[in-house]
Amino acid sequence: MKALILVGGFGTRLRPLTLSVPKPLVDFGNKPMILHQIEALKEVGVTEVVLAINYQPEVMLNFLKDFENKLDIKITCSQETEPLGTAGPLALAREKLIDGSGDPFFVLNSDVISEYPFAQLIKFHKSHGGEATIMVTKVDEPSKYGVVVMEEGTGKVERFVEKPKIFVGNKINAGIYLLNPSILDRIQLKPTSIEKEVFPKIADERKLYAMVLPGFWMDIGQPRDYITGLRLYLDSLRKKASVKLASGPHILGNVLIHESAVIGEGCLIGPDVSIGPGCVVEAGVRLSRCTVMRGVRIKKHACISSSIIGWHSTVGQWARVENMTILGEDVHVCDEIYSNGGVVLPHKEIKSSILKPEIVM
Amino acid sequence: MGSSEERVVAVIMVGGPTKGTRFRPLSLNVPKPLFPLAGQPMVHHPISACRNIPNLVQIYLIGFYEEREFALYVSSISHELRVPVRYLREDKPHGSAGGLYSFRDHIMEESPSHIVLLNCDVCCSFPLEAMLGAHKSYGGIGTMLVIKVSAESASQFGELVADLETKELLHYTEKPETFVSNLINCGVYIFTPEIFSAIEDVFKQRKERANLRRVSSFEALLSATKALPADFVRLDQDILSPLAGKKQLYTFETLDFWEQIKTPGMSLRCSGLYLCQYRHTSPQLLASGDGTKKATITGDVYIHPSAKVHPSAKIGPNVSISANARIGAGVRLISCIILDDVEIMENAVVIRSIVGWKSTIGKWSRVQGEGDYNAKLGITILGEAVDVEDEVVVINSVVLPNKTLTVSVQEEIIL
């Protein structure tokens with residue numbers, strides 16, 4: 001089976017992290033975002049993943065060679081020369097997606113994290129015999145999104161309503177689809193929206209079905225949602241009784257610590273923390289609701305909450321970093337500094353406190 | 001020394017990528033030395049000034065950017081000037097004197113009688129020919145270009161005291177806390193090859209000190225807070241300051257303009273200073289027009305020959321428009337730098353801003369900077385490929401590359 005992952009553009013909402021690497025390679029839960037999806041696809045028997053990108057293929061391709069070998073799955077890129085929307089890239093990658101077997105192919109939005117219940121999706125898709133299945137997820141505020149109105153028992157999609165003013169349903173498009181190859185005949189190689197142009201037509205023909213996504217769902221394309229997403233992801237690891245989660249007297253709640261990270265004495269870590277490879281957390285450090293990327297050093301007595309610390313950065317002794325502080329790659333926060341929501345671009349030294357949220361270039 | 005024995009080598013320090021993030025967001029796309037001022041890359045202005053030096057045999061650019069960033073520029077400028085220009089890459093920053101010293105073999109290859117040292121991010125008239133004449137008459141090992149500034153601003157620079165008659169450098173202090181003098185170091189120097197011995201002496205002294213003395217724990221604490229590697233040698237503090245008052249160093253005062261180009265705001269100001277200078281040095285580069293066949297031009301304006309400007313637009317003063325830009329009908333541009341491939345649509349207004357490569361400015365939109373050139377959000381900067389939609393207003397903001405502005409913003413940084 002094949003899969004297409006819509007990677008898209010510059011990932012500007014995840015700056016400053018995406019100033020250092022392309023968005024799919026930004027780490028989430030100690031592995032590149034896109035690897036979570038590729039591993040789940042491999043598990044259901046996908047043999048080739050096509051990444052639809054419009055930016056920096058060279059950087060991506062180097063990483064991908066690495067995954068290709070480790071995972072034994074073929075990974076290729078399909079590069080847009082002009083933005084093609086959410087459906088156009090399928091037409092562009094047509095030759096790669098059709099292999100003559102007639103098997104349906106997956107299409108995923110690269111920003112989405114979930115449990116990726118692909119086996120259930122395949123089963124449901126085969127059972128209804130329709131042309132396309134989309135996964136939907138329940139949200140509290142459906143009017144912020146496009147709502148999918150579907151028939152209760154069968155899951156047949158009746159219609160899409162974009163940002164509805166009255167309540168029509170609480171399920172939105174989760175960005176995970178399983179599509180028959182015939183769908184490619186409906187899409188031309190030009191900027192096209194799959195939600196606004198392609199799916200509604202298929203829904204009218206009563207050939208579009210929706211399946212409610214079990215488990216958690218999050219679009220982690222921006223820092224606030226990334227941090228919430230980490231909480232949901234670690235929570236799902238806990239539910240599966242994963243051995244990956246850390247335990248011990250210095251651990252509170254769900255915490256992921258890479259085996260090569262070093263944690264000092266007297267720390268209190270958690271809840272909802274991930275600590276990447278090669279990190280050094282010195283004695284007396286408090287970490288909560290944060291992501292600490294590869295190679296970071298957190299010095300003694302520092303306190304970090306609700307923040308993202310970028311690769312190879314350092315946080316000084318007694319520093320306090322909180323409230324959606326995002327440090328880009330190689331940022332050094334000096335001793336005793338306070339950062340309240342500072343967003344710091346790569347290769348900077350923070351020598352004076354940031355009292356209210358601001359961007360430091 | 002007759003002029004037939006005179007050979008001059010010019011060295012321009014261009015810096016490198018991690019040093020100084022003050023030039024962001026423009027430095028995210030282009031090395032600062034190649035950012036255009038008045039239509040030419042920043043480094044082009046000191047290089048051009050070197051042309052006026054008689055007996056110039058070679059120009060070296062020294063920095064720690066990747067070689068490929070300068071390859072194209074260096075080969076085209078060598079061809080244009082008919083003087084060899086080469087980029088020499090430092091493996092890591094050595095300080096201005098350290099950098100000069102580490103490439104002394106290249107610099108001395110042509111057996112120069114004089115070495116001109118310039119900093120790329122200095123904006124001035126570079127009166128090199130006159131300065132060389134003065135240097136020869138002083139007979140010292142070095143002459144520095146100096147300028148008088150206001151007493152308040154002097155403390156940001158190297159302050160120096162010079163003998164009023166002999167022009168000898170008597171005293172030098174870098175960024176002093178109390179007032180020393182309002183005469184400051186411009187970052188332009190002429191040396192004889194003896195400067196290398198002076199630098200070598202400093203290396204020797206440091207080695208001796210390290211070997212002979214057991215540094216006390218207190219001294220170790222002091223040096224640990226601002227530790228510089230042994231091979232990092234700063235020209236002003238480590239070499240020139242100790243030589244002051246020893247009849248070795250002299251000063252040459254310029255009465256023209258002088259600025260340091262540290263921020264994008266200053267690059268806009270300096271672009272204006274160079275445009276003004278074109279009136280005397282290269283008037284053919286300045287645009288003209290009165291609204292009939294060509295757009296109305298007021299003040300100093302540079303328009304690249306491939307740019308297209310609608311005749312109903314009004315451009316200037318202090319505007320520089322780069323290659324392939326398209327300026328639509330009824331557009332008003334004041335005090336701005338419009339980079340390559342920008343499209344500005346009908347009736348838009350751009351004031352005190354820098355519009356990045358390939359950006360588009362929508363109809364009736366307004367992109368404006370209202371503050372000080374040196375302030376953080378003093379001018380508006382749009383990075384590469386930023387699209388400002390019709391009728392949107394952008395004031396005192398910085399927008400990083402690849403963004404679309406659909407609503408008006410003020411005093412914001414948009415990542």
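This dialogue goes through the overall build, the charges and the cysteines of a predicted model.

User: How many helices and strands are there in chain A, and what does the radius of gyration say about how compact the chain is?

Analyst: Chain A holds seven helices and 29 strands. Its radius of gyration is 21 Å, close to the 21 Å that the globule rule gives for 361 residues, so chain A is as compact as a globular protein of that length. Along the principal axes, the C-alpha atoms fill a box of roughly 65 × 45 × 35 Å.

User: What share of the residues in chain A is buried, and what share of the contacts with a separation of 6 or more joins residues 24 or more positions apart?

Analyst: Of the 361 residues, 56% are buried, and residues 24 or more positions apart account for 49% of those contacts. The chain exposes about 15500 Å², of which carbon and sulfur atoms supply 50%.

User: How many positive and negative side chains does chain A have, and how far apart do the centres of the two sets lie?

Analyst: There are 42 positive and 41 negative side chains, with the two centres 3 Å apart.

User: How many disulfides does a search of the whole structure find, and why is A:Cys290 not bonded to the closest cysteine?

Analyst: A disulfide needs two cysteine sulfur atoms within 2.5 Å, and the search finds zero over all chains. For A:Cys290 the closest cysteine sulfur, in A:Cys303, is 9.2 Å away, which is too far for a bond. A:Cys334 is likewise in no disulfide, the nearest cysteine sulfur being that of A:Cys303 at 18 Å.

User: Are A:Cys290 and A:Cys334 buried or exposed?

Analyst: A:Cys290 counts as buried, at 1% relative accessibility, whereas A:Cys334, at 23%, counts as partly exposed.

Note on methods
Residues are numbered from 1 along each chain as its sequence is written. Chains are lettered from A and ligands numbered from 1 in the order in which they are written. This is a predicted model: local features need pLDDT of at least 70, side-chain atom pairs count only at pLDDT 80 or more; totals for chains, interfaces and linings use all residues. Side-chain values use heavy atoms; hydrogens and water are left out. Buried means under 20% relative accessible area, exposed over 50%, partly exposed in between (1.4 Å probe, protein chains only). Helices (H or I, at least four residues) and strands (E, at least two) are DSSP runs, numbered from the N terminus. The radius of gyration is taken over C-alpha atoms; the globule rule is 2.2 Å times the number of residues to the power 0.38. Contact means heavy atoms within 4.5 Å. Accessible areas come from the Shrake-Rupley method with a 1.4 Å probe; for residues, only the protein chains shown count as cover. Lys and Arg count as positive and Asp and Glu as negative; His and the chain ends are not counted. The place of a charge is taken as NZ of Lys, CZ of Arg, CG of Asp or CD of Glu.
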